[in-house]
Amino acid sequence: MSRSVLFSRNAAALAARALRLVATGVLLTALAAVARPAAAQAGDEALVAKGDSIFKGLLGNGLCHTCHGPKGKGMKGLGPDLTDGVWLHGNGSADFVQQLVRTGVPAPKKSPTIMPPFGGMPLTTEQVTAVTAYVLSLRAKPQGK
Ligand code: HEC
């Protein structure tokens, strides 16, 4: 057997092994891509549920419900409706809501009352993230729910 034949056989075997590795890699990547959104969604739901508890004062002594109502629909003369998709102070993004919760609203546009920083309770960073997820989920619900 000539040297070049031996060489090309080895090369072919190597190429086949490389292909198998690549195929496994592609498969694993595809599997990870399928699994990831499902996990993220479950995480979001847990976060929203936690935010719901904070909003209603069951966790972290959150006071949001006293001004925005237990379902975020607002209370006359106190906090505005958070479910109507109308934002007096920003663009409705997660960054905006989180920032607003931290600072509160020292100069309200319509309400005669201010919103104190963190809604009046010292919420942790994690609790602010959770209550923000809850506020954003309110807007996503169809009207009347
Ligand atoms: C003492 C009453 C009070 C409490 C407690 C309170 N808010 Fe507010 N909130 C307000 C007022 C007042 C405004 C501004 C209304 C205005 O500008 O007329 C406001 C505004 C907001 C806005 C922006 C609405 C917009 O249209 O831009 C968000 C979001 C919000 N509050 C979330 C929360 C969350 C979450 C909590 C609990 C951590 C909370 N608030 C607790 C009174 C309150």
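The exercises below, each with a worked solution, concern a predicted model of a single chain and its ligand.

**Exercise 1. Determine how many helices and strands the chain has, and where the confidence among its elements is lowest and highest.**

Start with the secondary structure: the chain holds 4 helices and 0 strands, and along the sequence they follow the pattern α-α-α-α. Next, turn to the confidence, for which the average pLDDT of the chain is 86, with 81% of the residues scoring at least 70. Among the elements, the lowest mean pLDDT, 74, belongs to α1, whereas the highest, 98, belongs to α2. A caution applies here, namely that predicted coordinates should not be read in detail where pLDDT is low.

**Exercise 2. Describe the burial and the contact pattern of the chain as a whole.**

Of the 145 residues in the chain, 21% are buried. For the contacts, consider those with a separation of 6 or more: residues 24 or more positions apart account for 57% of them.

**Exercise 3. Identify the residues that make up the largest nonpolar core and the helices that supply them.**

The largest nonpolar core contains 16 residues, and Val131, Tyr134 and Val135 have the most contacts inside it. Helices α1 (3-55), α3 and α4 each supply at least two residues of this core, and the largest share, 7 residues, comes from α4. To follow one of these central residues outward, take Tyr134, which, when residues up to four places away in sequence are left aside, touches Val48, Gly51, Asp52 and Phe55.

**Exercise 4. Decide whether Ile54 is buried or exposed, and list what it touches.**

First locate the residue: Ile54 lies in helix α1. Then apply the neighbour count; because 26 other C-beta atoms lie within 10 Å of Ile54, and 20 or more are required, the residue is buried. Its contacts, again not counting residues up to four places away in sequence, are Leu59, Gly60, Gly62, Leu123, Gln127, Ala130 and Val131. One of these partners, Leu123, is 69 residues from Ile54 along the chain, yet their C-alpha atoms are separated by 9.0 Å.

**Exercise 5. Examine Asn61 and Phe118, where phi is positive, and work out whether each is buried or partly exposed.**

The background is that most residues other than glycine have a negative phi. Asn61, although not a glycine, has a positive phi of about 55 degrees, and Phe118, also a residue other than glycine, has a positive phi near 55 degrees. As for their places, Asn61 is in the loop between α1 and α2, while Phe118 is found in the loop between α3 and α4. The last step is the neighbour count inside 10 Å: Asn61 counts as partly exposed because it has 13 C-beta neighbours, whereas Phe118, with 20 C-beta neighbours, counts as buried because 20 or more meet the criterion.

**Exercise 6. Work out which residues and elements surround the ligand, and of what class the residues are.**

Begin with the total: 31 residues surround the ligand, and Cys64, Cys67, Pro108, Met115 and Gly119 are the closest. The elements that give two or more residues to this shell are α2 (64-68), α3 (94-103) and α4 (125-140), and the largest share, 4 residues, comes from α2. Sorting the shell by class then gives 19 nonpolar, 10 polar and 2 charged residues. To connect this with the first exercise, α2 is also the element with the highest mean pLDDT.

Notes. Residues are numbered from 1 along each chain as its sequence is written. This is a predicted model: local features need pLDDT of at least 70, side-chain atom pairs count only at pLDDT 80 or more; totals for chains, interfaces and linings use all residues. A residue is near a molecule or strand if its C-beta atom, placed from the backbone, lies within 6 Å of it. Ala, Val, Leu, Ile, Met, Phe, Trp, Tyr, Cys and Pro count as nonpolar, Asp, Glu, Lys and Arg as charged, and the others, Gly among them, as polar. A nonpolar core is a set of buried Ala, Val, Leu, Ile, Met, Phe, Trp, Tyr and Cys residues joined through C-beta atoms within 7 Å. A residue is buried if 20 or more other C-beta atoms lie within 10 Å of its own, exposed if 12 or fewer, and partly exposed in between; C-beta atoms are placed from the backbone. Two residues are in contact if their C-beta atoms, placed from the backbone, lie within 7 Å. pLDDT is the predictor's confidence in each residue, from 0 to 100.
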